[in-house]
Protein chains: 2
Amino acid sequence: MRGAGAPAGDKRRPELSMDRASVATITRLSSYYRVLVESERDRQQTISSKVLAERSGVSSAQVRKDLSIFGNFGRRGLGYNALQLREQVGHILGLGRHWRVALVGAGNLGRALFAYKGFRKQGFHVEHVFDVDPAKTDELWGDVRIRPVSELRAAAAGNRIDIVILAVPADAGQKVANMVVDAGVRAILNFTPGQLAVPAAVAVRYVDLSIAIESLSYTLTK
Amino acid sequence: MRGAGAPAGDKRRPELSMDRASVATITRLSSYYRVLVESERDRQQTISSKVLAERSGVSSAQVRKDLSIFGNFGRRGLGYNALQLREQVGHILGLGRHWRVALVGAGNLGRALFAYKGFRKQGFHVEHVFDVDPAKTDELWGDVRIRPVSELRAAAAGNRIDIVILAVPADAGQKVANMVVDAGVRAILNFTPGQLAVPAAVAVRYVDLSIAIESLSYTLTK
(Lines give C-alpha, C1' and ligand atoms only; values in the text may rest on other atoms or scores of the structure.)
Protein backbone atom coordinates (compact mmCIF):
# COMPACT_ATOMS: atom_id res chain seq x y z
CA MET A 1 0.00 0.00 0.00
CA ARG A 2 1.18 3.48 -0.69
CA GLY A 3 0.02 7.09 -0.68
CA ALA A 4 -3.35 7.69 0.87
CA GLY A 5 -3.70 3.94 0.89
CA ALA A 6 -1.50 3.98 3.98
CA PRO A 7 -3.33 3.19 7.24
CA ALA A 8 -5.68 5.93 8.46
CA GLY A 9 -3.81 8.11 10.90
CA ASP A 10 -0.63 8.05 8.84
CA LYS A 11 -0.40 11.61 7.56
CA ARG A 12 2.53 11.07 5.16
CA ARG A 13 1.55 10.93 1.53
CA PRO A 14 3.54 11.41 -1.66
CA GLU A 15 2.70 14.81 -3.15
CA LEU A 16 2.87 13.42 -6.65
CA SER A 17 -0.13 11.15 -6.39
CA MET A 18 -2.21 13.89 -4.72
CA ASP A 19 -1.68 16.39 -7.49
CA ARG A 20 -3.01 14.06 -10.12
CA ALA A 21 -6.58 14.29 -8.88
CA SER A 22 -8.97 16.81 -10.43
CA VAL A 23 -11.89 18.41 -8.62
CA ALA A 24 -14.14 16.03 -10.57
CA THR A 25 -12.19 13.03 -9.23
CA ILE A 26 -12.43 14.32 -5.66
CA THR A 27 -16.17 14.92 -6.06
CA ARG A 28 -16.56 11.32 -7.16
CA LEU A 29 -14.51 10.16 -4.13
CA SER A 30 -17.05 11.99 -1.95
CA SER A 31 -19.83 10.01 -3.62
CA TYR A 32 -17.93 6.74 -3.12
CA TYR A 33 -17.47 7.67 0.53
CA ARG A 34 -21.25 8.02 0.97
CA VAL A 35 -21.92 4.67 -0.70
CA LEU A 36 -19.30 3.03 1.54
CA VAL A 37 -20.91 4.50 4.68
CA GLU A 38 -24.21 2.98 3.54
CA SER A 39 -22.60 -0.43 2.84
CA GLU A 40 -21.18 -0.40 6.34
CA ARG A 41 -24.64 0.29 7.72
CA ASP A 42 -25.88 -2.70 5.73
CA ARG A 43 -23.02 -4.73 7.29
CA GLN A 44 -21.46 -5.56 3.92
CA GLN A 45 -17.81 -6.46 4.44
CA THR A 46 -16.69 -6.30 0.82
CA ILE A 47 -17.87 -4.24 -2.12
CA SER A 48 -17.04 -4.70 -5.80
CA SER A 49 -16.11 -1.80 -8.07
CA LYS A 50 -19.26 -2.73 -10.04
CA VAL A 51 -21.60 -2.18 -7.06
CA LEU A 52 -19.69 0.90 -5.92
CA ALA A 53 -19.98 2.26 -9.48
CA GLU A 54 -23.69 1.54 -9.86
CA ARG A 55 -24.57 3.20 -6.56
CA SER A 56 -22.43 6.23 -7.43
CA GLY A 57 -23.80 6.58 -10.96
CA VAL A 58 -20.46 6.08 -12.76
CA SER A 59 -18.76 3.19 -14.60
CA SER A 60 -16.67 0.49 -12.86
CA ALA A 61 -13.69 1.55 -14.96
CA GLN A 62 -14.07 5.08 -13.56
CA VAL A 63 -14.10 3.80 -9.96
CA ARG A 64 -10.96 1.73 -10.54
CA LYS A 65 -9.23 4.61 -12.33
CA ASP A 66 -10.07 7.13 -9.58
CA LEU A 67 -8.91 4.85 -6.77
CA SER A 68 -5.74 3.82 -8.64
CA ILE A 69 -4.53 7.44 -8.42
CA PHE A 70 -4.16 7.01 -4.67
CA GLY A 71 -2.89 3.48 -4.38
CA ASN A 72 -3.85 -0.14 -4.66
CA PHE A 73 -6.99 -0.72 -2.59
CA GLY A 74 -8.48 -3.99 -3.83
CA ARG A 75 -7.50 -7.49 -4.78
CA ARG A 76 -8.60 -8.64 -8.24
CA GLY A 77 -11.75 -10.69 -7.98
CA LEU A 78 -12.20 -10.11 -4.26
CA GLY A 79 -13.54 -6.57 -4.32
CA TYR A 80 -12.67 -3.94 -1.76
CA ASN A 81 -12.80 -4.27 2.02
CA ALA A 82 -15.66 -1.79 2.59
CA LEU A 83 -14.61 -0.55 6.04
CA GLN A 84 -10.96 -0.13 5.07
CA LEU A 85 -11.81 1.62 1.81
CA ARG A 86 -14.20 3.96 3.61
CA GLU A 87 -11.45 4.90 6.07
CA GLN A 88 -8.92 5.37 3.29
CA VAL A 89 -11.19 7.49 1.12
CA GLY A 90 -12.21 9.55 4.18
CA HIS A 91 -8.53 10.06 4.95
CA ILE A 92 -7.83 11.26 1.38
CA LEU A 93 -10.73 13.71 1.65
CA GLY A 94 -9.46 15.09 4.94
CA LEU A 95 -12.53 13.88 6.84
CA GLY A 96 -12.32 12.90 10.49
CA ARG A 97 -10.50 16.14 11.30
CA HIS A 98 -11.91 19.29 12.87
CA TRP A 99 -12.21 21.96 10.17
CA ARG A 100 -12.82 25.49 11.34
CA VAL A 101 -15.33 27.20 9.09
CA ALA A 102 -16.55 30.79 8.97
CA LEU A 103 -19.76 31.74 7.21
CA VAL A 104 -20.08 35.18 5.61
CA GLY A 105 -23.68 36.10 4.83
CA ALA A 106 -26.40 35.73 7.45
CA GLY A 107 -29.36 35.73 5.05
CA ASN A 108 -31.74 32.84 4.39
CA LEU A 109 -29.14 30.74 2.64
CA GLY A 110 -26.55 31.48 5.32
CA ARG A 111 -29.01 30.47 8.01
CA ALA A 112 -29.82 27.22 6.16
CA LEU A 113 -26.10 26.45 5.73
CA PHE A 114 -25.45 27.21 9.40
CA ALA A 115 -28.15 24.71 10.36
CA TYR A 116 -27.07 22.11 7.79
CA LYS A 117 -26.20 18.95 9.73
CA GLY A 118 -24.21 17.42 6.86
CA PHE A 119 -21.27 19.78 7.44
CA ARG A 120 -20.74 19.00 11.12
CA LYS A 121 -21.13 15.27 10.53
CA GLN A 122 -18.14 15.36 8.16
CA GLY A 123 -16.02 17.52 10.48
CA PHE A 124 -16.85 21.01 9.18
CA HIS A 125 -17.70 23.28 12.12
CA VAL A 126 -19.17 26.72 11.44
CA GLU A 127 -17.62 28.62 14.36
CA HIS A 128 -17.96 32.20 13.06
CA VAL A 129 -20.74 34.06 11.27
CA PHE A 130 -20.17 37.44 9.65
CA ASP A 131 -22.43 39.77 7.73
CA VAL A 132 -21.94 42.88 5.63
CA ASP A 133 -25.14 44.42 7.01
CA PRO A 134 -24.57 46.10 10.41
CA ALA A 135 -28.29 45.62 11.20
CA LYS A 136 -27.70 41.86 11.42
CA THR A 137 -24.70 41.91 13.71
CA ASP A 138 -24.93 40.93 17.38
CA GLU A 139 -27.77 38.53 16.60
CA LEU A 140 -27.14 35.14 18.23
CA TRP A 141 -27.36 31.88 16.27
CA GLY A 142 -27.01 29.14 18.85
CA ASP A 143 -23.91 30.31 20.71
CA VAL A 144 -22.41 32.09 17.69
CA ARG A 145 -22.73 35.88 17.62
CA ILE A 146 -22.99 37.44 14.15
CA ARG A 147 -20.19 39.96 13.66
CA PRO A 148 -19.44 42.62 11.05
CA VAL A 149 -17.32 41.22 8.21
CA SER A 150 -14.69 43.87 9.02
CA GLU A 151 -13.78 41.67 12.02
CA LEU A 152 -13.00 38.65 9.83
CA ARG A 153 -9.29 39.40 9.66
CA ALA A 154 -8.89 39.74 13.43
CA ALA A 155 -10.92 36.57 13.98
CA ALA A 156 -8.73 34.63 11.56
CA ALA A 157 -5.58 35.95 13.23
CA GLY A 158 -6.78 34.96 16.69
CA ASN A 159 -8.19 31.59 15.84
CA ARG A 160 -7.38 29.72 12.62
CA ILE A 161 -10.13 29.71 9.98
CA ASP A 162 -9.68 26.89 7.45
CA ILE A 163 -12.59 27.53 5.13
CA VAL A 164 -14.93 30.46 4.47
CA ILE A 165 -18.42 29.78 3.13
CA LEU A 166 -19.57 32.75 1.08
CA ALA A 167 -23.34 33.34 0.96
CA VAL A 168 -23.54 37.09 0.35
CA PRO A 169 -25.45 38.99 -2.37
CA ALA A 170 -23.79 38.83 -5.82
CA ASP A 171 -22.57 42.44 -5.74
CA ALA A 172 -20.67 41.86 -2.47
CA GLY A 173 -18.97 38.62 -3.59
CA GLN A 174 -15.62 39.93 -4.86
CA LYS A 175 -15.24 42.51 -2.09
CA VAL A 176 -15.74 39.90 0.62
CA ALA A 177 -13.50 37.44 -1.23
CA ASN A 178 -10.71 40.05 -1.11
CA MET A 179 -11.19 40.35 2.65
CA VAL A 180 -11.04 36.57 3.01
CA VAL A 181 -7.79 36.46 1.03
CA ASP A 182 -6.34 39.33 3.12
CA ALA A 183 -7.23 37.41 6.26
CA GLY A 184 -5.02 34.55 5.06
CA VAL A 185 -7.79 31.99 4.58
CA ARG A 186 -6.90 29.45 1.88
CA ALA A 187 -10.25 27.98 0.92
CA ILE A 188 -13.61 29.45 -0.13
CA LEU A 189 -16.87 27.61 -0.74
CA ASN A 190 -18.81 30.07 -2.86
CA PHE A 191 -22.62 30.08 -2.97
CA THR A 192 -22.64 33.66 -4.28
CA PRO A 193 -23.27 33.89 -8.05
CA GLY A 194 -20.33 34.97 -10.23
CA GLN A 195 -16.68 34.04 -10.61
CA LEU A 196 -14.18 35.29 -8.00
CA ALA A 197 -10.67 36.53 -8.77
CA VAL A 198 -8.34 35.19 -6.07
CA PRO A 199 -4.61 34.31 -5.94
CA ALA A 200 -3.65 30.82 -7.12
CA ALA A 201 -2.85 29.79 -3.53
CA VAL A 202 -6.51 30.17 -2.55
CA ALA A 203 -8.87 27.36 -3.55
CA VAL A 204 -12.43 28.27 -4.55
CA ARG A 205 -15.28 25.85 -5.18
CA TYR A 206 -18.52 27.12 -6.70
CA VAL A 207 -21.89 25.71 -5.74
CA ASP A 208 -24.55 26.35 -8.38
CA LEU A 209 -27.84 25.10 -7.00
CA SER A 210 -29.51 25.18 -10.43
CA ILE A 211 -27.19 22.62 -12.06
CA ALA A 212 -28.91 19.69 -10.36
CA ILE A 213 -32.36 20.84 -11.45
CA GLU A 214 -31.21 20.96 -15.09
CA SER A 215 -30.61 17.23 -15.16
CA LEU A 216 -34.31 16.93 -14.25
CA SER A 217 -35.47 19.26 -17.02
CA TYR A 218 -33.29 17.22 -19.39
CA THR A 219 -35.05 14.04 -18.25
CA LEU A 220 -38.50 15.62 -18.55
CA THR A 221 -37.66 16.92 -22.05
CA LYS A 222 -36.82 13.45 -23.36
CA MET B 1 -26.84 17.85 -37.86
CA ARG B 2 -29.01 15.41 -35.99
CA GLY B 3 -30.58 14.80 -32.60
CA ALA B 4 -30.53 17.70 -30.22
CA GLY B 5 -28.11 19.29 -32.64
CA ALA B 6 -31.20 20.28 -34.66
CA PRO B 7 -32.05 24.00 -34.56
CA ALA B 8 -33.47 25.26 -31.27
CA GLY B 9 -37.24 25.08 -31.43
CA ASP B 10 -37.22 21.73 -33.24
CA LYS B 11 -38.55 19.36 -30.58
CA ARG B 12 -37.94 16.09 -32.47
CA ARG B 13 -35.01 14.08 -31.22
CA PRO B 14 -34.11 10.43 -31.56
CA GLU B 15 -34.78 8.63 -28.27
CA LEU B 16 -31.72 6.47 -28.70
CA SER B 17 -29.17 9.25 -28.45
CA MET B 18 -30.95 10.76 -25.40
CA ASP B 19 -30.79 7.58 -23.37
CA ARG B 20 -27.05 7.34 -23.75
CA ALA B 21 -26.35 10.30 -21.51
CA SER B 22 -25.73 9.72 -17.81
CA VAL B 23 -26.52 12.20 -15.04
CA ALA B 24 -22.78 12.95 -14.93
CA THR B 25 -22.80 13.83 -18.65
CA ILE B 26 -25.81 16.10 -18.23
CA THR B 27 -24.18 17.81 -15.24
CA ARG B 28 -21.13 18.52 -17.41
CA LEU B 29 -23.42 19.90 -20.15
CA SER B 30 -24.79 22.35 -17.55
CA SER B 31 -21.21 23.47 -16.86
CA TYR B 32 -20.48 23.87 -20.58
CA TYR B 33 -23.67 25.91 -20.90
CA ARG B 34 -22.43 28.35 -18.22
CA VAL B 35 -19.04 28.69 -19.91
CA LEU B 36 -20.78 29.35 -23.24
CA VAL B 37 -22.99 32.05 -21.70
CA GLU B 38 -19.81 33.73 -20.41
CA SER B 39 -18.09 33.49 -23.84
CA GLU B 40 -21.10 35.15 -25.40
CA ARG B 41 -20.82 37.97 -22.86
CA ASP B 42 -17.17 38.33 -23.88
CA ARG B 43 -18.33 38.45 -27.54
CA GLN B 44 -16.33 35.37 -28.50
CA GLN B 45 -17.82 33.89 -31.69
CA THR B 46 -16.02 30.57 -31.63
CA ILE B 47 -14.73 28.40 -28.81
CA SER B 48 -12.40 25.41 -29.00
CA SER B 49 -13.03 22.19 -27.10
CA LYS B 50 -9.72 22.96 -25.32
CA VAL B 51 -10.94 26.31 -23.93
CA LEU B 52 -14.39 24.91 -23.16
CA ALA B 53 -12.68 22.04 -21.32
CA GLU B 54 -10.29 24.23 -19.32
CA ARG B 55 -13.04 26.55 -18.15
CA SER B 56 -15.25 23.60 -17.18
CA GLY B 57 -12.48 21.73 -15.37
CA VAL B 58 -12.54 18.61 -17.60
CA SER B 59 -10.41 17.27 -20.49
CA SER B 60 -10.94 18.25 -24.16
CA ALA B 61 -11.55 14.59 -24.96
CA GLN B 62 -14.37 14.59 -22.39
CA VAL B 63 -15.99 17.65 -23.98
CA ARG B 64 -15.85 16.11 -27.45
CA LYS B 65 -17.15 12.78 -26.16
CA ASP B 66 -20.07 14.38 -24.27
CA LEU B 67 -21.13 16.52 -27.22
CA SER B 68 -20.75 13.67 -29.73
CA ILE B 69 -23.57 11.84 -27.93
CA PHE B 70 -25.99 14.48 -29.18
CA GLY B 71 -24.69 15.21 -32.66
CA ASN B 72 -21.94 16.84 -34.62
CA PHE B 73 -21.51 20.39 -33.33
CA GLY B 74 -18.08 21.52 -34.51
CA ARG B 75 -15.84 21.44 -37.54
CA ARG B 76 -12.37 19.99 -37.01
CA GLY B 77 -9.87 22.76 -36.42
CA LEU B 78 -12.47 25.54 -36.42
CA GLY B 79 -13.88 25.06 -32.94
CA TYR B 80 -17.53 25.49 -32.08
CA ASN B 81 -19.79 28.41 -32.93
CA ALA B 82 -20.31 29.66 -29.34
CA LEU B 83 -23.82 31.09 -29.79
CA GLN B 84 -25.10 28.08 -31.72
CA LEU B 85 -23.57 25.60 -29.26
CA ARG B 86 -25.05 27.50 -26.31
CA GLU B 87 -28.51 27.31 -27.90
CA GLN B 88 -28.09 23.64 -28.73
CA VAL B 89 -26.85 22.67 -25.27
CA GLY B 90 -29.63 24.78 -23.69
CA HIS B 91 -32.15 22.95 -25.86
CA ILE B 92 -30.79 19.54 -24.80
CA LEU B 93 -31.09 20.60 -21.14
CA GLY B 94 -34.68 21.76 -21.63
CA LEU B 95 -33.81 25.36 -20.80
CA GLY B 96 -35.77 28.23 -22.34
CA ARG B 97 -39.04 26.58 -21.33
CA HIS B 98 -41.29 27.45 -18.41
CA TRP B 99 -40.93 24.73 -15.77
CA ARG B 100 -43.51 24.67 -13.00
CA VAL B 101 -41.87 23.94 -9.70
CA ALA B 102 -43.35 23.28 -6.26
CA LEU B 103 -41.27 23.58 -3.11
CA VAL B 104 -42.09 21.40 -0.11
CA GLY B 105 -40.47 22.64 3.08
CA ALA B 106 -40.75 26.27 4.13
CA GLY B 107 -37.80 26.30 6.53
CA ASN B 108 -34.57 28.27 6.15
CA LEU B 109 -33.33 26.21 3.22
CA GLY B 110 -36.74 26.36 1.54
CA ARG B 111 -36.81 30.12 1.94
CA ALA B 112 -33.32 30.42 0.45
CA LEU B 113 -34.25 28.18 -2.48
CA PHE B 114 -37.44 30.16 -3.06
CA ALA B 115 -35.38 33.36 -3.26
CA TYR B 116 -32.63 31.77 -5.39
CA LYS B 117 -32.47 33.78 -8.61
CA GLY B 118 -30.56 31.09 -10.51
CA PHE B 119 -33.69 28.91 -10.84
CA ARG B 120 -35.92 31.52 -12.43
CA LYS B 121 -33.16 32.64 -14.79
CA GLN B 122 -33.00 29.13 -16.27
CA GLY B 123 -36.79 28.80 -16.53
CA PHE B 124 -37.59 27.10 -13.20
CA HIS B 125 -40.49 28.93 -11.52
CA VAL B 126 -41.40 28.07 -7.93
CA GLU B 127 -45.16 28.58 -8.13
CA HIS B 128 -46.23 26.59 -5.07
CA VAL B 129 -44.87 26.28 -1.55
CA PHE B 130 -46.06 23.56 0.83
CA ASP B 131 -45.13 22.69 4.38
CA VAL B 132 -45.78 19.77 6.70
CA ASP B 133 -46.14 22.10 9.69
CA PRO B 134 -49.66 23.62 9.91
CA ALA B 135 -48.19 26.56 11.87
CA LYS B 136 -46.40 27.72 8.71
CA THR B 137 -49.34 27.59 6.34
CA ASP B 138 -51.09 30.73 5.12
CA GLU B 139 -47.85 32.71 5.40
CA LEU B 140 -47.23 34.72 2.21
CA TRP B 141 -43.90 34.58 0.35
CA GLY B 142 -44.19 37.22 -2.35
CA ASP B 143 -47.52 36.30 -3.90
CA VAL B 144 -47.24 32.60 -3.04
CA ARG B 145 -49.27 31.39 -0.08
CA ILE B 146 -47.78 28.48 1.88
CA ARG B 147 -50.21 25.59 1.94
CA PRO B 148 -50.39 22.29 3.86
CA VAL B 149 -48.66 19.49 1.97
CA SER B 150 -51.95 17.57 2.00
CA GLU B 151 -53.06 19.98 -0.76
CA LEU B 152 -50.18 19.02 -3.07
CA ARG B 153 -52.20 16.42 -4.95
CA ALA B 154 -55.09 18.77 -5.68
CA ALA B 155 -52.66 21.51 -6.72
CA ALA B 156 -50.91 19.16 -9.15
CA ALA B 157 -54.23 18.04 -10.59
CA GLY B 158 -55.43 21.60 -11.14
CA ASN B 159 -52.21 23.03 -12.48
CA ARG B 160 -49.36 20.88 -13.79
CA ILE B 161 -46.32 20.60 -11.48
CA ASP B 162 -43.19 19.50 -13.35
CA ILE B 163 -40.68 19.32 -10.53
CA VAL B 164 -40.90 19.19 -6.73
CA ILE B 165 -38.02 20.54 -4.66
CA LEU B 166 -37.87 18.68 -1.36
CA ALA B 167 -36.42 20.61 1.58
CA VAL B 168 -38.13 18.97 4.55
CA PRO B 169 -36.57 17.45 7.70
CA ALA B 170 -34.93 14.04 7.11
CA ASP B 171 -37.67 12.08 8.92
CA ALA B 172 -40.38 13.54 6.63
CA GLY B 173 -38.51 12.88 3.34
CA GLN B 174 -39.96 9.51 2.32
CA LYS B 175 -43.50 10.36 3.44
CA VAL B 176 -43.54 13.55 1.37
CA ALA B 177 -41.88 11.76 -1.57
CA ASN B 178 -44.78 9.27 -1.53
CA MET B 179 -47.25 12.16 -1.69
CA VAL B 180 -45.30 13.67 -4.61
CA VAL B 181 -45.43 10.35 -6.47
CA ASP B 182 -49.17 9.98 -5.73
CA ALA B 183 -49.72 13.46 -7.13
CA GLY B 184 -48.27 12.30 -10.46
CA VAL B 185 -45.15 14.51 -10.38
CA ARG B 186 -42.28 12.90 -12.30
CA ALA B 187 -39.23 14.74 -10.97
CA ILE B 188 -37.85 15.45 -7.48
CA LEU B 189 -34.87 17.61 -6.55
CA ASN B 190 -34.01 16.35 -3.07
CA PHE B 191 -32.20 18.51 -0.52
CA THR B 192 -33.44 16.30 2.32
CA PRO B 193 -30.78 13.87 3.61
CA GLY B 194 -31.33 10.19 2.84
CA GLN B 195 -32.19 8.07 -0.18
CA LEU B 196 -35.80 8.03 -1.40
CA ALA B 197 -37.62 4.95 -2.68
CA VAL B 198 -39.70 5.99 -5.70
CA PRO B 199 -40.99 4.18 -8.83
CA ALA B 200 -38.58 4.02 -11.80
CA ALA B 201 -40.73 6.50 -13.74
CA VAL B 202 -39.93 9.24 -11.21
CA ALA B 203 -36.53 10.91 -11.50
CA VAL B 204 -34.75 11.97 -8.29
CA ARG B 205 -31.61 14.08 -8.06
CA TYR B 206 -29.86 14.45 -4.71
CA VAL B 207 -28.14 17.65 -3.66
CA ASP B 208 -25.56 17.08 -0.93
CA LEU B 209 -24.22 20.47 0.09
CA SER B 210 -21.25 18.94 1.92
CA ILE B 211 -19.72 17.30 -1.19
CA ALA B 212 -18.30 20.59 -2.50
CA ILE B 213 -16.69 21.42 0.85
CA GLU B 214 -14.89 18.06 0.85
CA SER B 215 -12.92 18.97 -2.25
CA LEU B 216 -11.62 21.93 -0.17
CA SER B 217 -10.64 19.77 2.81
CA TYR B 218 -8.87 17.48 0.33
CA THR B 219 -6.93 20.47 -1.02
CA LEU B 220 -6.08 21.73 2.48
CA THR B 221 -4.94 18.25 3.50
CA LYS B 222 -2.40 18.02 0.67
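How does chain A score in pLDDT on average, and what share of the residues score at least 70? Chain A averages a pLDDT (the predictor's confidence in each residue, from 0 to 100) of 86, and 91% of the residues score at least 70. This is a predicted model, in which local features need pLDDT of at least 70 and side-chain atom pairs count only at pLDDT 80 or more, while totals for chains, interfaces and linings use all residues. Residues are numbered from 1 along each chain as its sequence is written, and chains are lettered from A and ligands numbered from 1 in the order in which they are written.

**Confidence**

- Residues 1–18 of chain A have a pLDDT below 50. In the model, this stretch has 29 contacts beyond near neighbours in sequence; two residues are in contact if their C-beta atoms, placed from the backbone, lie within 7 Å.
- For the complex, the predictor gives an ipTM of 0.83 and a pTM of 0.80.

**How the two copies are arranged**

- A turn of 180° and a shift of 0.0 Å along the axis lay chain A on chain B with an RMSD of 0.0 Å (superposed by least squares on the C-alpha atoms of residues with pLDDT of at least 70 in both).
- The two copies are thus related as by a two-fold rotation axis.
- Both copies use the same surface, as 100% of the contact residues of chain A recur in chain B.

**Where the chains meet**

- On chain A, 48 residues are in contact with 49 residues of chain B.
- Elements giving two or more residues to the side of chain A that touches chain B are α2 (23–41), α6, α7 (117–121), β8, β9 and α10 (210–221) of chain A. Helices (H or I, at least four residues) and strands (E, at least two) are DSSP runs, numbered from the N terminus.
- With 12 residues, α10(A) gives the most to that side of chain A.
- By class, that side has 28 nonpolar, 13 polar and seven charged residues. Here Ala, Val, Leu, Ile, Met, Phe, Trp, Tyr, Cys and Pro count as nonpolar, Asp, Glu, Lys and Arg as charged, and the others, Gly among them, as polar.
- Reaching over to the partner, α10(A) lies across β3, β4, β7 (163–166), β8 (187–190) and β9 of chain B, running at about 170° to β8(B). Axes are lines fitted to C-alpha atoms, for helices over the stretch in contact, and angles run from 0 to 180 degrees between N-to-C directions.

**The sheet in chain A**

- Chain A has an open sheet of seven strands in the order β5-β6-β4-β3-β7-β8-β9, with mixed pairing (two strands pair if DSSP finds at least two bridges between them).
- At the edges are β5 (140–141) and β9 (203–206) of chain A, each pairing on one side only.
- Strand β8 (residues 187–190) of chain A runs parallel to β9(A), and four bridges join them. Across this pair, A:Ile188 stands opposite A:Val204 in β9(A).
- Helix α6 (residues 108–115) of chain A packs on the sheet and touches β3 (99–104), β4 (124–131), β5 and β7 (163–166) of chain A, its direction making about 160° with that of β3(A).
- Helix α9 (residues 173–182) of chain A also packs on the sheet, touching β3, β7 and β8 of chain A; its direction makes about 170° with that of β7(A).

**Details from chain B**

- Six bridges join β3 (residues 99–104) of chain B to β4 (residues 124–131) of chain B, and these strands run parallel. In this pair, B:Ala102 stands opposite B:His128 in β4(B).
- Helices α2 (residues 23–41) and α3 (residues 49–56) of chain B pack at an angle of about 105°, with their axes 9 Å apart.
- The residues in this contact include B:Tyr32 of α2(B) and B:Leu52 of α3(B).
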